[in-house]
Amino acid sequence: MTSAGTDLGRGGRLPRSARRKQLLAAAQEVFVANGYHAAAMDDIAERAGVSKPVLYQHFPGKLELYLALLDTQAEALGETVITALVGTTDNSERIHGVLSAYFAFVDRSDHDGAFRLIFESDLVNEPAVRDRVENVTRRTMLAVADTVAADTGLGRAEAQLLATALTGAAQVAARWWLAEDRPLSKEDAIRLLESLLWRGISNFPRQ
């Protein structure tokens, strides 16, 4: 596999933001390939084509580097779901959008394993990691719940229960679809789930 820093030269000078992005990309490759516990900062520095002191200038330790990766991927997923919700006022299209967001996130990040950092981490017993995973799950659920509550007049508990079912189904189904080597097209998978979920959600009339 090509090093994340090969085309830049070992330790070549980069703007801080570009260097951070480069280091995160290298770290993601190592964490996905080896898991958190087996990954070493030496391996990450080598993959990025930098010295360990350069790596430590940006991230004081392996956990901080891992958490930065989690934050980046969680933000990407959350923004995709929220964009799907605010992009239309049609609830059937919103369901399609939420499902598409999860499938796209899993499918797009399959080549680099980004989704595994959130949904399949080997560090879930670490409180900081667990908090971040729970936060992205809750953030997406609450975004859906806000829309459900506003459209149906249901109470917060009811809206959050429905939102949990929707986002949970989207995540689990998307991961199953990928694990089974995409047994049907992404479009057909989304359409099938959309039909199932819409039959339930549509029973709650809009205000």
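Here is a walk through the chain, from its helices to its salt bridges and then its surface.

What you have is a predicted model, where local features need pLDDT of at least 70, side-chain atom pairs count only at pLDDT 80 or more, and totals for chains, interfaces and linings use all residues. Residues are numbered from 1 along each chain as its sequence is written, and side-chain values use heavy atoms, with hydrogens and water left out.

Let's start with the overall layout. The chain has 9 helices and 0 strands; helices (H or I, at least four residues) and strands (E, at least two) are DSSP runs, numbered from the N terminus. Reading from the N terminus, the elements go α-α-α-α-α-α-α-α-α. Of the 207 residues in the chain, 43% are buried. Here buried means under 20% relative accessible area, exposed over 50%, and partly exposed in between, with a 1.4 Å probe and protein chains only.

For one of the buried residues, look at His-58 in helix α3 (residues 52-58). His-58 counts as buried because its relative accessible area is 13%. His-58 also has Arg-19 as a partner to look at: the two are 39 residues apart in sequence, with 8.5 Å from C-alpha to C-alpha.

Next, a helix pair. Two packed helices are described by the angle between their axes and the distance between the axes. Helix α4 (residues 62-86) packs with helix α7 (residues 127-152) at an angle of about 10°, and their axes are 10 Å apart. The axes are lines fitted to C-alpha atoms, for helices over the stretch in contact, and angles run from 0 to 180 degrees between N-to-C directions. That makes α4 and α7 roughly parallel to each other (angles under 35 degrees count as roughly parallel). Sorted by class, the α4 contact with α7 has 14 nonpolar, 3 polar and 5 charged residues. In that sorting, Ala, Val, Leu, Ile, Met, Phe, Trp, Tyr, Cys and Pro count as nonpolar, Asp, Glu, Lys and Arg as charged, and the others, Gly among them, as polar.

On to the salt bridges. The structure holds 11 of them, each being a side-chain nitrogen of Lys or Arg within 4 Å of a carboxyl oxygen of Asp or Glu. One of them joins the side chains of Glu-79 and Arg-139 (2.7 Å, N to O). This pair links distant parts of the chain, with Glu-79 in helix α4 and Arg-139 in helix α7, 60 residues apart. Glu-79 is partly exposed at 35% relative accessibility, and Arg-139 is partly exposed too, at 29%. Together with Glu-75, Glu-79 and Arg-139 are linked in a network of salt bridges.

Helix α7 turns up again with Asp-146, whose side chain meets that of Arg-156 in a salt bridge (3.0 Å, N to O). Arg-156 lies in helix α8 (residues 156-179) and Asp-146 in helix α7, so this pair ties together parts that are 10 residues apart in sequence. Arg-156 is partly exposed at 38%, and Asp-146 is partly exposed at 42%.

Last stop: the surface. Trp-176, Leu-184 and Leu-192 make a nonpolar patch of about 320 Å². Patches are made of residues with over 30% relative accessible area and no salt bridge, with like charges joined within 9 Å and nonpolar side chains (Val, Leu, Ile, Met, Phe, Trp, Tyr) within 5 Å. Leu-192 sits in helix α9 (residues 186-201) and is exposed, since its relative accessible area is 60%.

Key: Accessible areas come from the Shrake-Rupley method with a 1.4 Å probe; for residues, only the protein chains shown count as cover. Angles under 35 degrees count as roughly parallel, over 145 as roughly antiparallel, 65 to 115 as roughly perpendicular and the rest as oblique.
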